[in-house]
Amino acid sequence: MNPSPGTTGLILNEPLLWERGRPGRRGASLPAADVPPSPLETELCGEGPDFPDLSEVDLVRHFTRLSTWNYGVDTGFYPLGSCTMKYNPKTHERQAALKGFAAAHPLLPAPLCQGALRLIWELENDLAAITGMDAVSLQPAAGAHGELAGMLVLHAHHAHQGRQRSKIVIPDTAHGTNPASAALCGYRPVAVASGPEGVLEPAAVEALMDEETAGIMVTNPNTLGLFETHIREIAAIVHAKGGLVYADGANLNAVMGIVDMAAIGVDVIHLNLHKTFSTPHGGGGPGSGPICVRRHLEPFLPVPRVVQDGDRFHLETDRPLSIGRMGSFHGHFGVMVKAYSYIRSMGAEGLRRASELAVLNANYVKENLKKDFHLAYDRPCMHECVFSDERQAPFKVTTLDMAKRLMDYGFHPPTIYFPLVVHGAIMIEPTETESKEDLDLFVAAMQAIAEEARTDPEKVRNAPHRTKVRRLDEVTAARKPCLIG
Amino acid sequence: MRYLPHTSQEIEEMLAVAGVNRLADLFATVPESCRRHSPMDLPAPLSEWALNERMDALAARTAVAPEAKVFLGAGSYDHFIPAAVDALAGRSEFLTAYTPYQPEISQGTLQAIYEYQTLACRLMGTEVATASHYDGATALAEALLMAIRKTERRRVAVSRLVHPHYRQVAATYLRPAGYEIVELPYRPDGTTDLSAVGREGDLAAVALQSPNFFGCIEDLAAGAAAARGAGAMLVTGFTEALAYGLLKNPASQGADIVAGEGQSLGLPRSFGGPGLGMLGTRQAHVRSLPGRLVGKTVDQEGRQGFVLTLATREQHIRRERATSNICTNNSHCALRAVMYMAAMGKTGFRELAALNHDKAAYLKQALAGAGHRIPFARPTFNEFVVDFGAGFEAIHRRLQDAGIVAGLPLAPDYPDLEGCYLLCATETAKRQDLDLLVKEVSQ
């Protein structure tokens, strides 16, 4: 066994940006003025923002040091459940930085931006092929924005049917963004509990579904990492009452090339390009949250739409039934370039293989850890599995403690305390880009922590020990917010 | 595939641990009726070499400088980006990290975003700023929803000189819940006509943009007075953050909420996204703010550190009662912005803003000198409207074929401005290019 990646080392201190600067220093060069100065009327002018003046060296040292306090996918294993932190290929950065993409103005006349329009059009077609859906919009900027777009499509559909509805069914395992997105459309979320097997039961949905209900939002595979086995029957129940099925595609990484979203009864699904399609998460975005719909909902998709006309492309905004515009321009094009590069590098076989190996990795971790950790639902899982701290509770060691202790071993912690239906949840999603030996190291670290919980619980409760800072006082941060310096 | 590390032997070993024989058996819980029966219809995979060729070919079919001369602004601006910003933002410790939910190993992102919030406040004049929104349009829509929550009123007044796309996004966000948007007309000098504000009554917000869509600098203090008189909040937007290197900041003019686009702060235009939604307000409103916030605190040994804070406003805690549904935002864009603002510094940022103003002023004067009418008298920043008159469309198209984009036609969004174009010149426009444009449009 190799030693765990966690170690002690040199951690540099670095002050706040404005503690470094000296007035008069300069970190960037400006072009020489080749036009005469033309002063603006004084009463319109202010002082200008009080930014620190730094040299280029100050700037580079500052942010380089900050970067060393971060943990990214390139640093190591990142088993964050429902976040699909797979490897972000380096070639993507090269492609997005191409001048013809990075420097392109969004309002270029169509004949001058054929390359960008073609890329959007082809990516939409690729995503339709991957999901089995009929039409795609790349406008939404992130997953929650895609959810909002999807809810707006439901809302527009019902308005077009002549009768708006007031409620939406959302399982108790859903991401918090689901109810928040539905609420923006004025829909009141109605919770449905998952059954004893961890999946939705048709009878429970049938009991709630009526003609006041706009539809259901379902994550499949769900956040317990389980495939919703009754999805077709549930979709039929929802459709019978005139409702629509919205799928949260955050967990698509489990089922590419395996499941046909249209066949299972989905009307709208959003995807996360920054999860399944390997675009970097950037420390919290930018993401991209395209929505894919069945043919009957295409008229409601956001504008503008990229339209093919012979071998030319243009943007179309005149769509009377559209939910409207979702963002300033055409969505996160820079992120689309990366997702397109990924799909074109993987091909159909590669994507299916990625899903198979993601599921293999999750089951491998699950089997290896279930001796030491309580497994909430002991069933074959998809791309992630959910444990809890039930077996560590007698030693007064919590999920949070173990998550923090994992950092000392050199791993990013899993998603914790989610889904809410599992008390003290530890949600592990390894993704397909982790090798067996890295998984073995992680398993060994988790087993060592389980052992520590029994023999030296204090050490676990006080973790992490080796990080730049130790546990932070979040209560005071929220009670007396200090949000700027 | 080079991203998939498993050898066949490892797969066998792992399948044995999982208790199945074949990879396909892992999907036994997926009912047959849910399965796909044919492979996904995708093009054959490309090698890294072939991908480069494919992407080079696509990128070559887009008009960019220096071959093309693009005098377009309208919410997306051409500014020079120092190599240091690209190099630092490209560090994979920043780029490949998740949202900093685990602060002990995310202090780099957290401190940088705290620094971003601070410099964003210094730019906008606000007391707090969020960690980022998707773009200027969604930031403005969220600001209007915030004003609706704060005032418990259901109508907002939005100037017609707010970017047309931003107004459309506001409509997308506000209409399903039944909120009403009234539009404020503009005056002959190119600023918003506020006279209707007092008559409308029951307004949650008055929304202006400065510099506005015509590039004109609005009288925000007058806007604030009008909003106060109506019991509404003043929401001010912007598409060109660099303008505040020169102009009085919006909060100092009485803005209650400031919401704008930060693309100019070190982000490539990238065909319109990702951008950076900037949103700030007073400390008193902080608990109504949508979006993430980073706060300063201490660790158990008393050392300074940073955490995501005030999460009880957010969807993962508050669910349907959250102040917004936003989750993943544009954190890496905020990171680029703080690097850019720090690279420029107070001195450089002001000089750069002045240079932008001078370039556009030069072009405006030269066009006026060549006999073109400048319809709006109000001072502008780095873009402005020119009336080229009826029949200019053919010249515009001819120039376009030659790789010159002589501004954005305004008639599609403002039917009353037939023949008028919005032109932009930033620090990247050389005098010879400005002279060439004047010559070409004046033939």
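Let us start at helix 9 of chain A, which covers residues 231-240. In this predicted model, the buried residues of that helix are Ile231(A), Ile234(A), Ala235(A), Ile237(A) and Val238(A). If you look down the axis of helix 9 of chain A, these buried residues fall within an arc of 160°, so they line one face of the helix. What lies over them? Among the elements of chain A that cover the buried residues of helix 9 are helix 8 (202-208), strand 4 (213-219) and strand 5 (244-248). After helix 9 of chain A comes Gly242(A), and the phi of this glycine is positive, near 80°.

Now step back to chain A and its domains. Chain A is divided into domain 1, spanning 92-345, and domain 2, spanning 347-475. Taken over C-alpha atoms, the centres of these two domains of chain A are separated by 29 Å. Where they meet, 18 residues of domain 1 are in contact with 22 residues of domain 2. On the domain 1 side of this meeting place in chain A, nine residues are nonpolar, eight are polar and one is charged.

Finally, turn to the place where the two chains touch. Here 169 residues of chain B are in contact with 173 residues of chain A. Which element of chain B gives the most to the side that touches chain A? That is helix 11 of chain B (residues 331-369), with 23 residues. Sorted by class, the side of chain B that touches chain A holds 88 nonpolar, 49 polar and 32 charged residues.

Definitions and conventions
Residues numbered from 1 in each chain as written. Chains lettered and ligands numbered in written order. Predicted model: local features only at pLDDT ≥ 70, side-chain atom pairs only at ≥ 80, totals over all residues. Contact = placed C-beta atoms within 7 Å. Helix = DSSP H or I, 4+ residues; strand = E, 2+ residues; numbered from the N terminus. Nonpolar A, V, L, I, M, F, W, Y, C, P; charged D, E, K, R; others polar. Domains from an automatic or database assignment. Buried ≥ 20, exposed ≤ 12 C-beta atoms within 10 Å, placed from the backbone. Arc of directions from axis to C-beta.
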